[in-house]
Amino acid sequence: MRRLRTRVAGVLLAVLALTVTTACSSEDGAAGSEPAAKAEAAADRVEPLADTPVPQLPVTVRSSDGRKVTVRDAQRIVPLSGSLSEIVFTLGLGDRVVARDITATFAQAEKLPVVTRNHDVSAESVLSLKPDLVLAETTTGPDEAMDQIRDAGVPVLVVDPAKGLDDVGPRIGTVARALGVPAAGEELTKRSEDRIAAVRKDIPKKTDRPRVAFLYLRGTASVYLIGGKDSGATSLLEAAGAVDGGAESGLEKDFTTITTEALAKAAPDAILVMSKGLESVGGIDGLVKIPGVAQTPAGMERRVVSIEDGVLLNYGPRTDEVLKSLVDQLYGDTK
């Protein structure tokens, strides 16, 4: 579950394009609105800062694993999550990235060699690229691979995983300081936070906040889970003016197997899913066949918000796009 938690929080099975779908409007449950198409096109690319910063190195920073890491050069960077790749590229240093994790598939990164296998790091693949710096999350693994990279003398900075909107600035700042571009980190943090604030300002003020259940689905592996207090979705849902139905119903863990009882307690007005997960169960038609879903208000109305896997819970420079899409699809014409 430790590995699952990380992947669902923004490092799992991503194609970093954003689509948000409500399925009430078509016979087969799939929507194809023009706004959704525009959102997808916009989210497939990151937006670097206007001015490319020049790293001032060496720097010594503290890694989340307690180690002190000295970065002497940053010509060849390997970020081991889609979220970290997004930050490096958005800081304007994407031309220094020499590899990617399988979850970094936004347009600027998609042609880079992949150094993970089934989401586990291949130390041999990383080291073959002679990196100056490896960026990882606390749950990046396996441990043996990470130790092998360190033993080869490569600096490895470990960053705490994102859990909510409050992590956007700190994660950007951590990466920027390690790359020797702290001023660019401050600029990107301000841009990101300002854009998130602008979206939140436009959220309808409603007395009855919609209840939303976050479902993690992998139909090909028969994995059907409902998010609870530690799923990572609560912060995003609350920012959108909604209630996390799973967390509010008393689910303390990150994810719990979906049951009819759990869904009844969550009583969602809408269901939030990752697009690959929705696809894996056969779209909306397949989703409502999962026991208990059709009996919820969301299931009866076929009200589903679908956001691409790697963007949804990244809590980074594009979180404003995710939040806006969530808000637009959750409230529709009622805004």
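Which side chains meet in a salt bridge at 2.8 Å, N to O? The side chains of arginine 211 and glutamate 248 do so, and they appear in the third view below.

**Figure 1. Overview of the predicted protein chain.** This is a predicted model, in which local features need pLDDT of at least 70 and side-chain atom pairs count only at pLDDT 80 or more, whereas totals for chains, interfaces and linings use all residues. Residues are numbered from 1 along each chain as its sequence is written, and side-chain values use heavy atoms, with hydrogens and water left out. The mean pLDDT (the predictor's confidence in each residue, from 0 to 100) of the protein chain is 87, and 86% of its residues reach 70 or more. Over residues 1-43 the pLDDT is below 50, yet this stretch has 119 contacts in the model beyond near neighbours in sequence; a contact means heavy atoms within 4.5 Å. Where pLDDT is low, the predicted coordinates should not be read in detail. The protein chain contains 15 helices and 13 strands, defined as DSSP runs numbered from the N terminus (helices: H or I, at least four residues; strands: E, at least two). Of its 335 residues, 58% are buried, where buried means under 20% relative accessible area, exposed over 50%, and partly exposed in between (1.4 Å probe, protein chains only). Among contacts with a separation of 6 or more, 69% join residues 24 or more positions apart. The chain exposes about 14,200 Å², of which carbon and sulfur atoms supply 49%; these areas come from the Shrake-Rupley method with a 1.4 Å probe, and for residues only the protein chains shown count as cover.

**Figure 2. Strand 8 and its pairing partners.** Strand 8 spans residues 211-218, and eight of its eight residues are buried. In a regular strand the side chains alternate between the two faces of the sheet. Here Arg211, Ala213, Leu215 and Leu217 point one way, while Val212, Phe214, Tyr216 and Arg218 point the other way. Strands are taken to pair if DSSP finds at least two bridges between them. Strand 8 runs parallel to strand 12 (residues 270-274), with four bridges joining them, and leucine 215 has valine 273 as its bridge partner there. The pairing of strand 8 with strand 10 (residues 243-244) is also parallel, over two bridges, and arginine 211 stands opposite valine 243. With strand 9 (residues 223-227) the sense is antiparallel, over four bridges; arginine 218 is partnered by valine 223. Four residues lie between the strands of this hairpin of strand 8 and strand 9, in which serine 222 takes a positive phi near 55 degrees.

**Figure 3. The salt bridge between arginine 211 and glutamate 248.** A salt bridge is a side-chain nitrogen of Lys or Arg within 4 Å of a carboxyl oxygen of Asp or Glu. The N to O distance in this pair is 2.8 Å. Arginine 211 lies in strand 8 and glutamate 248 in helix 9 (residues 245-248), so the pair ties together parts that are 37 residues apart in sequence. Arginine 211 is buried at a relative accessible area of 19%, whereas glutamate 248 is partly exposed at 48%.

**Figure 4. Further salt bridges of the structure.** The structure holds 14 salt bridges. In one of them, arginine 195 meets glutamate 47, with the closest N and O atoms 2.9 Å apart. This pair links distant parts of the chain, 148 residues apart: arginine 195 belongs to helix 7 (residues 182-201), and glutamate 47 to the loop between helix 2 (34-43) and strand 1 (59-62). Both partners are partly exposed, arginine 195 at a relative accessible area of 28% and glutamate 47 at 41%. Arginine 150 and aspartate 147 form another salt bridge (3.5 Å, N to O). These two residues are three apart in helix 5 (residues 143-151), which means that about one helical turn separates them. Aspartate 147 is partly exposed at 36% relative accessible area.

**Figure 5. Helix 6 and helix 15, both mostly covered.** In helix 6 (residues 168-178), eight of the 11 residues are buried, including Val168, Arg171, Ile172 and Val175. Just after helix 6, glycine 180 takes a positive phi of about 75 degrees. In helix 15, 10 of the 13 residues are buried, among them Leu323, Leu326, Leu330 and Tyr331. The expected span of a helix is 1.5 Å times one less than its number of residues. For helix 15 (residues 319-331) the expected span is 18 Å, and the end C-alpha atoms are 18 Å apart, which agrees. Glycine 332, just after helix 15, takes a positive phi of about 55 degrees.
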